[in-house]
Amino acid sequence: MDKKYVLSMDQGTTSSRAVLFDKYGNIVSMVQKEFRQIFPQPGWVEHDPMEIWSTQMGVAMEAIQKIDAHTDEIAAIGITNQRETTVIWDADSGRPICNAIVWQCRRTADMIEKMKADGMADLVKHRTGLVLDAYFSGSKIAWILQNVAGAREKADAGKLRFGTVDSWLIWNLTDGKVHATDYTNASRTMLFDIHRLCWDKDILDYFNIPESMLPEVHPSSCVYGYTDKFGGNIAIAGAAGDQQAALFGQCGFCAGDVKSTYGTGGFMLMNTGADAICSQKGLLTTIAAGEHDKVQYALEGSVFVAGAAIQWLRDEMRMIRTSPQSEEYCMSVPDTNGVYIVPAFSGMGAPYWNQYARGTVVGLTRGVSKDHFIRAAVESLAYQTNDLISAMKEEAGLDISSIKVDGGASANNFLMQFQSDISDLKIERPSCVETTALGAAYLAGLAVSYWADKDEIKKNWQMQKEFLPKIEPENRKKLLKGWHRAVKCALCWANGENDD
Ligand code: ADP
């Protein structure tokens, strides 16, 4: 039968989604289901791995059934997933030995502090491209081995398996025949040498993690195995972490290509080609999704509070009823009347890295209205993203000619125009903003020749709207100077914490 579709499994932090794409990258069917967030203690976040699996299978079945697709019509399955989240299961029974520890979970913060004291930061950075942090999987695995009854013994006997969510899904889809992951997911474990492309023995020894627990690592686009869960045999032919999948979905195939996602948080990735650039400004070096064992690298920076600042205007400040409404308020005034908001609700990320910084509003005068305040909050998304763009440009030494955007807040035309103005860059918004799921589909489709090559895929990328810089350079300079003064205030507030 004619292969008509590729099935993308998009396993996110709050929901599981399944999307069927056609050859042109159009969404033909999409189903989404939220699942439980488990908070056993303040700062701890868990998911039930069986719920991840069951919701993901459920939405995939429904998406297929919704358009009455025959499984023979599905060329391949691509998986993209919340990164770093850690699942450990028993190799014989296939049952998880505890809940998944989610990337946001801070339970291993003390272990990370000890690692810093043990002088591990440089080694970790040079081998894995990551800053020492509890986000990544390494310390989460070590925690489970130390704290879950019987785990240590089973691990030493070679009876446990670790996986990020992609591995967990592949294992289940293949009934335990395949224990594998891809380079992008491996590069977020803090256990993987991104230069030599192998698990790092020194870091494994430090954590006392047996290598027998770890999955085989393959390129993001290759046939991992086959599943008969939908009837017939379908190739599982793509896997990538969500941000890398999005870069691929935006056709960020070449050095210098950049995508910026404006979701609850913000994520910017720049393809740096064959060069793994070691950042001095706190950006992460990571592996980009691709087809080969000779990998491409990317620089990654994140904004902790992006769309969340708009949610804050809506839910706590009660200044707007819906997020899209923010745009009308922004357009109703010519500027912020001198106000800057730095939404450092939980510290500041790259390039400032200060976990004690807190939200700051500066420049208030009697004439400041709600419209100005809302505009300042929306502009803060662009300023923070611009700080990442500047850091990337400098460190990669690559010229950025344009950035491709996605995520919920990229729908805001005012924000996109302001981003273009402040960064002096062309902003390109595609018609398909489901770039994460699309990236996974492309990776899978390439591996089974559903798409011939990347050139064919590039033809699918369609511009919905582009934004070009309009403001005077002098004005840009003045605005940026104000922003950097405002950031200094947020940092100064943090530094003053211990003053009398
Ligand atoms: P995530 O995948 O992180 O859950 P989404 O990509 O769905 O996030 O984006 C949701 C975020 O985008 C929310 O924080 C919301 O407030 C914000 N948002 C959505 N639409 C707009 C808009 N038109 N203007 C500004 N912010 C928006």
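Trainee: Which side chain has an N or O atom 3.1 Å from a nitrogen atom of the ligand?

Mentor: In this predicted model, the ligand's nitrogen atom lies 3.1 Å from an N or O atom of a side chain, and that distance falls within the 3.5 Å allowed for a polar contact. The protein covers 67% of the 580 Å² of accessible area that the ligand has on its own. The side chain in question belongs to Asn 412.

Trainee: Which residue places a polar backbone atom 2.8 Å from an oxygen atom of the ligand?

Mentor: A distance of 2.8 Å also separates an oxygen atom of the ligand from an N or O atom in the side chain of Ser 323, but there the partner is a side-chain atom. The residue that offers a polar backbone atom at 2.8 Å is Gly 408.

Trainee: How many charged residues does the shell around the ligand have?

Mentor: The ligand is surrounded by 13 residues, with Thr 264 and Gly 307 among the closest, and helix 10 gives the most to this shell, with four residues. By class, the shell has four nonpolar and nine polar residues, and the number of charged ones is no more than none.

Trainee: Is Gln 56 buried or exposed?

Mentor: Gln 56 lies in helix 1, which spans residues 49-66, and its side chain reaches the backbone oxygen of Arg 17 at 3.0 Å. Beyond its neighbours within four places in sequence, Gln 56 is in contact with residues including Met 9, Ser 16 and Leu 169. Because its relative accessible area is 0%, Gln 56 counts as buried.

Technical notes
Residues are numbered from 1 along each chain as its sequence is written. This is a predicted model: local features need pLDDT of at least 70, side-chain atom pairs count only at pLDDT 80 or more; totals for chains, interfaces and linings use all residues. Side-chain values use heavy atoms; hydrogens and water are left out. Helices (H or I, at least four residues) and strands (E, at least two) are DSSP runs, numbered from the N terminus. Buried means under 20% relative accessible area, exposed over 50%, partly exposed in between (1.4 Å probe, protein chains only). A polar contact is a pair of N or O atoms within 3.5 Å; within protein, one must be able to donate a hydrogen and the other to accept it, and residues adjacent in sequence count only if both atoms are side-chain atoms. Contact means heavy atoms within 4.5 Å. A residue is near a molecule or strand if one of its heavy atoms lies within 4 Å of it. Accessible areas come from the Shrake-Rupley method with a 1.4 Å probe; for residues, only the protein chains shown count as cover. Ala, Val, Leu, Ile, Met, Phe, Trp, Tyr, Cys and Pro count as nonpolar, Asp, Glu, Lys and Arg as charged, and the others, Gly among them, as polar.
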